[in-house]
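Trainee: I'd like to learn how to read a protein model. Could you walk me through one?

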Amino acid sequence: MNKLKIGVLLKDYKKHEGGAYSYYNALVEGIESYKFDEDLEFVFIVIGNSIDPSTPKNSYLFDQEKLVREKHR
């Protein structure tokens with residue numbers, strides 16, 4: 001059976017402490033560590049120009065600026 005792949009968008013994700021960052025990090029870490037049904041696969045899509053080392057291991061970079069630059073050549 002095919003898995004349903006669910007993308008979680010992370011805009012400029014970096015681990016920070018305090019306030020909204022703590023909630024954001026807890027949410028991302030919770031999704032990453034939770035044991036979902038085997039038919040579901042969660043991946044993280046990082047919107048930015050690089051992936052921070054603290055980003056979950058199943059992350060993919062979506063470099064929007066690079067795509068826009070290439071489109072307008």
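Mentor: Let's go through this model feature by feature. Keep in mind that the model is predicted.

Trainee: Then let's begin with confidence. Where in the chain is confidence lowest, and where is it highest?

Mentor: Start with the overall score. The chain averages a pLDDT of 83, and 85% of the residues score at least 70. Confidence is lowest in helix 2 (residues 64–71), with a mean of 70, and highest in strand 2, at 91.

Trainee: Okay, on to the layout. How many helices and strands does the chain have?

Mentor: The secondary structure comes to 2 helices and 3 strands. Going along the sequence, you'll meet them in the pattern β-α-β-β-α.

Trainee: How do I read a sheet? Is the pairing of the strands parallel or antiparallel here?

Mentor: The general idea is that strands of a sheet pair through backbone hydrogen bonds, either parallel or antiparallel. In this chain, 3 strands form an open sheet in the order 1-2-3, and the pairing is parallel. Strand 1 (4–11) and strand 3 (59–62) are the edge strands, each pairing on one side only. From one strand to the next, the twist averages 30°.

Trainee: How many bridges join strand 1 to strand 2?

Mentor: There are 8 bridges between strand 1 and strand 2 (residues 40–47), which run parallel. You can trace some of them by residue: Lys-5 has Glu-41 as its bridge partner in strand 2, and Ile-6 has Phe-42.

Trainee: And how many bridges join strand 2 to strand 3?

Mentor: On that side you'll find 4 bridges, and these two strands also run parallel. Look for Val-46, which stands opposite Leu-61 in strand 3.

Trainee: Let's stay with Leu-61. What does Leu-61 touch, leaving out residues up to four places away in sequence?

Mentor: With those left out, Leu-61 touches Val-46, Gly-48, Asn-49, Ser-50 and Ile-51. Take Ile-51: Leu-61 and Ile-51 are 10 residues apart in sequence, and their C-alpha atoms are 6.5 Å apart in space.

Trainee: Why is Leu-61 called partly exposed?

Mentor: Leu-61 is called partly exposed because its relative accessible area is 40%, and that label covers values between the 20% and 50% cut-offs.

Trainee: Now for a helix residue. Is Asn-25 buried or exposed?

Mentor: Asn-25 lies in helix 1 (residues 19–33). Asn-25 counts as buried because its relative accessible area is 6%, and buried means under 20%. Its contacts, not counting residues up to four places away in sequence, are Tyr-13, Lys-14, Lys-15 and His-16.

Trainee: Zooming out, what share of the residues of the chain count as buried?

Mentor: Of the 73 residues, 22% count as buried. The accessible surface of the chain comes to about 5900 Å², with 54% of that belonging to carbon and sulfur atoms. You can also ask how far along the sequence contacts reach: among contacts between residues at least 6 apart, 48% join residues at least 24 apart.

Trainee: One last feature, the aromatic rings. Which residues form an aromatic cluster?

Mentor: In general, a pair of aromatic rings is described by the distance of the centres and the angle of the planes. The count here comes to 2 aromatic pairs. Tyr-34, Phe-36 and Phe-42 form one aromatic cluster. You've already met Phe-42, the bridge partner of Ile-6.

Methods: Residues numbered from 1 in each chain as written. Predicted model: local features only at pLDDT ≥ 70, side-chain atom pairs only at ≥ 80, totals over all residues. Heavy atoms only, no water. Pairing = 2+ DSSP bridges. Axes fitted to C-alpha atoms, helices over the stretch in contact; angles between N-to-C directions. Buried < 20%, exposed > 50% of the residue type's maximum accessible area, 1.4 Å probe, protein only. Contact = heavy atoms within 4.5 Å. Areas by Shrake-Rupley, 256 points an atom, 1.4 Å probe, with all protein chains shown as cover. Phe/Tyr/Trp six-rings, centres within 6.5 Å; stacked < 30°, edge-to-face > 60°. pLDDT = per-residue confidence, 0-100.
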